[in-house]
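Q: Please take a close look at one part of this model, namely the helix packing and what surrounds it. I would like a connected account that goes from one contact to the next.

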Amino acid sequence: MTGTAPIILADLAARGVPFALLARDGETVEVLTGDVIDVELLADIPLTDDAGAGREVLALVPFRQVVERGFACHDDEAPLRCLVVGERRALPLADALAQLPTARIPLEDAGFDIDDESYADIVRRVIADEIGRGEGANFVIRRDYVAGVDGDPLTAGLTWFRALLEHERGAYWTFLVSTPDHLAVGASPEAHVSAQDGIVTMNPISGTFRHPAGGATAETLTEFLSSTKETEELFMVVDEELKMMSAVCSDGGRITGPHLKEMSRLTHTEYMLRGTSTMDPRDILRETMFAPTVTGSPMQNACTVIARHEQSPRGYYSGVAALFTPRADGGHDLDAPILIRTAYVVDGRLRVPVGATLVRHSDPYGEVGETHGKAAGVLGAIGAIPRDTVVASPVDEDAPAAARRPLGEDPAIAELLASRNARLAAFWLNPQGEPSRGPLAGRTALVVDAEDRFTTMLAHQLRHLGFAVTIAHWSEATPDAVAAADLVVSGPGPGDPRDADSDRIARLREVVGARLDARAPLLAVCLSHQVLADRLGIDLAPLASPHQGLQKTVDVFGAAASIGFYNTFTARVAPGTDRVGATDVAADAVTGDVYALRGPGYASVQGHLESILSRDGLTTLDRLVTHALSPVEG
């Protein structure tokens, strides 16, 4: 229910009741109180009471919940904690500030749990051993700033919440959640996923610009926006979130942006993704666990890499705070920011987890500096360190920072941001229209998922071409299903295509081989393209430098095509080779790296035609699929 009596925040603290404070609109603080229930699964979040009436629930979803998707994690048994709201009230911001404490909160034994050199070594290993071996495009590895809290944890949390309201700007949610033996307070910049009246929105944010001494300027921000690393990082996370959107939205999702996300000490770049869905919001949340901006891509392998290189469980870091609000029609809306820029207090210890996104261009000490900047952003905002300094960094000693002026509408900055979209596929930027009723309409396609959910985007494009599409995980793509489809698309995935010990790659070989032997239409993509090339007797080799999130214009059988590449290995022929047996070869004239293959009843492509980086993706997909479906002579 909604209360009308005066709210005294001190009373909530004194009574020891579970409560949450949410600042979402810049004008009010929502005060939620209720009972706490810990549940096992997202499906168990209690959105209705015993009589079936809808109720409001605020859920803290820990990172360990990825086990629901079969992904790896260090399992700390952090609970999926639900505050079942019994009462909600709205407190004007000024009244909230007047009631919140301003006590000094001393910290003891403060510092990172992993020292700078050790973290830099982790960065080097991830670049060499994970990205360099084809395990994925980017990975987020965290470390924690930790300290002892001298005093009452709730007083500390309320003090920090006040400081965030006063000193942080640009946050999507500023919040405090107090439940038994656990306190979380933060200012998340990023709405991971929301669902309002059937409209699903995701908000990928990437790139971190630390404001220099004296404040950000158009010149310093231009240098940041021109960075290849920062640009590719954003494009990669947009691709990863489009995979999720394509899984939950019937219309696949459409991109708007990019925009600047300007905060007090940091600036990021962001896109907005929107689509429509009729799914239960708990299912939407499950299919979008968790944001690639705090995990990496592809998501399943990112979780495995995190488990290999992080030294302790994540707790709630990179999970979400999910507010489920009942609607008049009996459904629920969802508002779920990512749990980043958040401080946790448990058993008298403060923990501020921060991570850096590692890509092929990453500099180890630059990533060390990024974690310092992010930790300082939280600690400075809450007043745990002086607001005009940062955590000491061997990479970049920040001087005192002045107030920051908004730069998002500066003409030069706006033009630079808008120019990014010239590189992207119009298919994902513009209304997509109705599915085709052309010559491919009505055919069936089986997409074999090799543990990269680019397959969801491929499936959406195939549906746009008119196909009735089914996606099957490689372990569930039965021989009967593989044989029955009009077209089989053997999909992309991480790993070394030469790995003789991989059950997944062995199954891809079986799928590709079965379709070739049956002379049945086949399209092979990325990893499966390499598997097909190997079957055809073409050599496989690692690239000198991984092509992760790389856009190239290549010749695909007489047509220039701008395509996005995410590969560490390549099929390779002698330069100038354009045919191997019965197979046409499209390859780089200098290196011999194979971009596409086609033969009787089959075609393949190394790049990702479904990627936002593939401006000519849909046209090229249409051409290759049409070839694969052409009648085979003999």
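A: In this predicted model, Ile122, Arg125, Val126 and Glu130 of α3 meet Val305, Arg308 and His309 of α8. Sorted by class, the residues of this contact are three nonpolar, one polar and three charged. Two packed helices are described by the angle between their axes and the distance between the axes. For α3 and α8 the angle is about 135° and the axes are 11 Å apart, which makes α3 oblique to α8. The reasoning rests on the cut-offs: angles of 65 to 115 degrees count as roughly perpendicular and angles over 145 as roughly antiparallel, while an angle under 35 is roughly parallel and the rest are oblique. The crossing of α3 past α8 is right-handed.

α3, which spans residues 116-130, also packs against helix α9, residues 364-382. Here the angle is about 125° and the axes are 8 Å apart, and α3 is therefore oblique to α9 as well. This crossing, too, is right-handed. On the α3 side the contact is made by Asp116, Glu117, Tyr119, Ala120, Val123 and Arg124, and on the α9 side by Pro364, Tyr365, Glu367, Val368, Thr371 and His372. The residues that form the contact of α3 with α9 comprise six nonpolar, two polar and four charged.

Returning to α8, one can follow the chain back from this helix. Proline 298 sits in the loop between β14 and α8, and the peptide bond that leads to proline 298 from serine 297 is cis, with omega near -5°. A further cis peptide bond joins methionine 289 to phenylalanine 290, with omega about -15°; phenylalanine 290 belongs to the loop between α7 (281-287) and β14 (296-297).

α8 (299-309) also takes part in a pocket: together with α6 (228-248) and β20 (468-473), each supplying at least two residues, α8 contributes to the lining of the second largest pocket. That pocket has a volume of about 360 Å³ and is lined by 19 residues, among which Arg69, Gln300, Asp449, Arg453 and His473 lie nearest its centre. Taken by class, the lining holds nine charged, six nonpolar and four polar residues.

α6, which supplies part of that lining, has a helix contact of its own. Its axis and that of helix α12, residues 454-464, come within 7 Å and cross at roughly 60°, so α6 and α12 are oblique to each other. Their crossing is left-handed, whereas α3 passes α8 in a right-handed crossing. From α6 the contact draws on Asp239, Leu242, Lys243, Ser246 and Ala247, and from α12 on Phe454, Thr456, Met457 and His460. These residues divide into four nonpolar, three polar and two charged.

One backbone detail remains to be added to this account. Aspartate 347 has a positive phi of about 55° although it is not a glycine, and its place is the loop between β17 (342-346) and β18 (349-358).

Key
Residues numbered from 1 in each chain as written. Predicted model: local features only at pLDDT ≥ 70, side-chain atom pairs only at ≥ 80, totals over all residues. Heavy atoms only, no water. 1 Å grid on protein atoms, 1.4 Å probe; cavity = no way out; pocket = protein on both sides within 12 Å on 5 of 7 lines; lining within 4 Å. Points joined across faces, edges and corners; volume = space filled by probe spheres on them. Helix = DSSP H or I, 4+ residues; strand = E, 2+ residues; numbered from the N terminus. Nonpolar A, V, L, I, M, F, W, Y, C, P; charged D, E, K, R; others polar. Axes fitted to C-alpha atoms, helices over the stretch in contact; angles between N-to-C directions. Left-handed = near helix turned anticlockwise from the far one by under 90°. Contact = heavy atoms within 4.5 Å.
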